[in-house]
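User: I am in my first year and would like a close look at one part of this structure, with the rest of the chain explained around that part. Please take me through it slowly, in connected prose.

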Amino acid sequence: MLDVIVIGAGPAGVVAALRAADLGARTALITRDEFGGMAANDGPVPVRTLAHAARLIREARQLSLYGIAVSEPALDYTRLLARVREVVNDVRAHSALRGQIDSLGVNVFERAGPARFADPHTVKTQSGMRLQAEKIIICTGGVSRRLSVPGSELTFTHSDAWSLTSVPPSMLVIGGGATGAQVASIFNAFGSRIQLFQAGPRILPTEDEDISAAVAAAFRESGIEVREDFGDIESFEKTPSGVRMTFSKDGARDSAEAALAVVAVGWVANTAGLSLATAGVETDHRGFVRVDGHLRTSAPHVFAAGDITGRLMLVPQAIQDGFVAATNAVRGLTMTLGAQVNPTGSFTDPEYAQVGLTEAKARETRDVVVAVVRFDSTTRTIIDGRTTGFCKLIADRATYKILGCHVVGERAVEITQVAAIAIGAGMRVDDLAQVPLSFPTYAGILGRVAASAARQLNLKVTWQGGQAEMDWWQENSSFRAH
Ligand SMILES: Cc1cc2nc3c(=O)[nH]c(=O)nc-3n(C[C@H](O)[C@H](O)[C@H](O)COP(=O)(O)OP(=O)(O)OC[C@H]3O[C@@H](n4cnc5c(N)ncnc54)[C@H](O)[C@@H]3O)c2cc1C
């Protein structure tokens with residue numbers, strides 16, 4: 001009998017297997033498909049590659065602004081998909097920890113088909129292989145939720161979108177969350193006519209309201225038709241040129257047509273076929289595996305990590321989960337998930353990102369100050385011709401600590417990483433305002449926005465002067481030092 005079996009080789013499963021083996025456990029890693037899971041094969045890596053292509057197109061369009069003459073960029077989608085495959089293979093080979101897993105002696109069973117519990121300590125694969133272990137860690141991730149309306153089999157998910165052989169002339173994107181927004185933004189850049197349907201009153205509903213509004217406005221300006229509060233979908237049907245979606249609101253029926261419909265309406269746990277009940281593993285009301293703070297399931301010898309637990313469904317959190325679950329499986333219940341700073345963001349045009357509380361959430365429990373600096377007032381964005389966007393900082397009036405940071409515009413995701421470190425370190429706005437961030441950078445906007453919040457809080461900074469002088473200092477201090 002093995003010490004640990006990990007089911008699923010996405011970021012959670014790979015790190016869980018690595019950690020268990022590193023702690024001396026005899027470990028097996030079984031996965032249905034390719035090593036690397038959705039992260040490497042079907043999520044961030046392919047999406048980011050397509051988003052990079054979309055970025056190159058918009059950068060090419062800027063060339064004439066800087067006196068460089070080229071013709072209008074033309075996309076060869078087949079060549080781009082070959083590049084996506086190249087990147088996915090490279091990531092799998094070089095940065096998905098495969099080498100470390102092999103060197104620690106983990107038995108990896110790749111492309112083994114779906115595995116399931118045959119009894120509480122036995123895992124059986126589709127091919128009939130049986131493995132037994134003292135502890136089992138479930139890391140099988142999630143899958144796109146499908147709609148259950150007539151004709152839903154005519155719709156696609158983001159995974160199908162990556163395997164299209166050509167760019168469709170038009171697309172209905174149903175769901176205005178992170179995945180839907182990315183699909184809409186990327187295919188809009190590639191030349192599809194996009195209609196983006198959001199059931200609620202705003203796209204990106206988990207973002208700060210100002211960010212949602214800015215992204216929706218930018219999408220509309222770039223030609224995407226954004227339809228919030230569009231009603232309920234009744235059906236999909238085939239048309240000579242693609243698909244028609246019929247929907248109704250307040251008794252009025254409407255329809256929209258396109259070559260293709262992509263549905264991105266959420267995520268469900270990948271538990272089907274695992275026979276969880278055989279091991280005594282319970283799910284919560286949403287169907288995700290229920291875990292405690294040690295990532296232990298209702299069966300004391302079974303742990304779960306990553307998207308399958310239905311919390312923040314992101315790669316860094318899956319990695320942390322895998323580490324914690326494996327530590328507890330091998331050493332006993334010694335580790336809990338601490339309070340985390342969780343930056344999130346998306347590679348749309350424009351990019352958007354957040355860390356900490358939204359303004360609305362912060363105001364529910366605290367007295368706050370809010371500072372905003374627009375991109376068109378900072379030097380780097382003017383140099384690069386990327387002046388659309390803003391950075392918003394929310395600080396606690398009582399403690400002066402940073403509660404949240406929200407950015408929309410060029411490099412928003414990278415800027416937010418710096419804010420995440422400031423929040424993680426418990427910095428006050430005046431501390432952040434005094435860091436001489438390099439000039440001229442995108443991240444420099446954080447110094448400006450922190451200085452603005454500090455001023456509203458009447459905090460003393462080591463230099464005294466008017467706003468312009470302080471702003472100038474924020475942008476120029478490290479430059480002056482050289
Ligand atoms: C379009 C898209 C874009 C994304 N972009 C980002 C991003 O930019 N940044 C970010 O941090 N996150 C992003 N994510 C989310 C990220 O991909 C997931 O949070 C992450 O992959 C979760 O890791 P995991 O290990 O829990 O599961 P997965 O990566 O889903 O891995 C699950 C593994 O389990 C295997 N499996 C499933 N069922 C079985 C079974 N019965 N038996 C054996 N094996 C099984 C699968 O083959 C797979 O290998 C994105 C997701 C999508 C869909």
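Analyst: Gln-182 is in contact with Val-47, Ser-346, Phe-347 and Thr-348, once its neighbours within four places in sequence are left aside. The model in which these contacts are seen is a predicted one. Gln-182 itself is found in helix H7, which covers residues 178-189, and because its relative accessible area is 16%, under the 20% limit, Gln-182 counts as buried.

The partners of Gln-182 lead to other elements of the chain. Val-47, one of the residues in contact with Gln-182, has a number that falls within helix H3 (44-62), and helix H3 is among the helices that each supply at least two residues of the shell around the ligand. Ser-346, another partner of Gln-182, has a number that falls within strand E17 (344-346), and the loop between strand E17 and strand E18 (352-356) is the place of Pro-350. The peptide bond that leads from Asp-349 to Pro-350 is cis, with omega near 5 degrees. A second cis peptide bond runs from Phe-439 to Pro-440, with omega near -5 degrees, and Pro-440 has its place in the loop between helix H14 (429-433) and helix H15 (445-456).

From helix H3 we can turn to the ligand. Helix H1 (11-22), helix H2 (37-41) and helix H10 (315-331) join helix H3 in each giving at least two residues to the shell around the ligand. There are 33 residues around the ligand, and those that come nearest are Asp-33, Met-38, Ala-115, Asp-307 and Val-315. Sorted by kind, the residues of the shell divide into 19 nonpolar, 11 polar and 3 charged. Several polar atoms of the protein lie at short listed distances from ligand oxygen atoms: a polar backbone atom of Ala-12 is 3.0 Å from an oxygen atom of the ligand, an N or O atom in the side chain of Thr-31 is 3.0 Å from an oxygen atom of the ligand, and a backbone N or O atom of Val-315 lies 2.8 Å from an oxygen atom of the ligand. On its own the ligand has 1000 Å² of accessible area, and the protein covers 92% of that area.

Two residues on either side of the end of strand E15 make a useful comparison with Gln-182. Val-268 is found in strand E15, residues 267-269, and because its relative accessibility is 28%, Val-268 counts as partly exposed. Not counting residues up to four places away in sequence, Val-268 touches Gly-142, Val-143, Ser-144, Arg-145 and Phe-288. With Ser-144, the separation in sequence is 124 residues, whereas the C-alpha atoms of Val-268 and Ser-144 are 6.2 Å apart in space. Thr-271 is found in the loop between strand E15 and helix H9 (276-279), and because its relative accessible area is 18%, Thr-271 is buried. Again without residues up to four places away in sequence, Thr-271 touches Leu-276, Thr-283, Gly-287, Val-289 and Ile-308.

Two further loop residues have an unusual sign to look for in the backbone. Arg-411 has phi near 60 degrees, a positive value in a residue other than glycine, and its place is the loop between strand E21 (402-409) and helix H13 (412-424). Arg-411 is partly exposed, because its relative accessible area is 30%. Asn-458 also is not a glycine and has a positive phi, of about 55 degrees, and Asn-458 is found in the loop between helix H15 and helix H16 (467-481). With a relative accessible area of 69%, over the 50% limit, Asn-458 is therefore exposed.

It remains to set these parts within the whole chain. The secondary structure comes to 16 helices and 21 strands, and buried residues make up 51% of the 482 residues. Among contacts with a separation of 6 or more, residues 24 or more positions apart account for 63%. The radius of gyration of the chain is 24 Å, which agrees with the value near 23 Å that a compact globule of 482 residues would have. Taken along the principal axes, the C-alpha atoms fill a box of roughly 70 × 60 × 50 Å. The chain exposes about 21500 Å², and carbon and sulfur atoms supply 52% of this area.

Methods: Residues numbered from 1 in each chain as written. Predicted model: local features only at pLDDT ≥ 70, side-chain atom pairs only at ≥ 80, totals over all residues. Heavy atoms only, no water. Near = heavy atom within 4 Å. Polar contact = N/O pair within 3.5 Å; in protein donor to acceptor, adjacent residues only side chain to side chain. Areas by Shrake-Rupley, 256 points an atom, 1.4 Å probe, with all protein chains shown as cover. Helix = DSSP H or I, 4+ residues; strand = E, 2+ residues; numbered from the N terminus. Nonpolar A, V, L, I, M, F, W, Y, C, P; charged D, E, K, R; others polar. Rg over C-alpha atoms; globule rule 2.2 N^0.38 Å. Buried < 20%, exposed > 50% of the residue type's maximum accessible area, 1.4 Å probe, protein only. Contact = heavy atoms within 4.5 Å.
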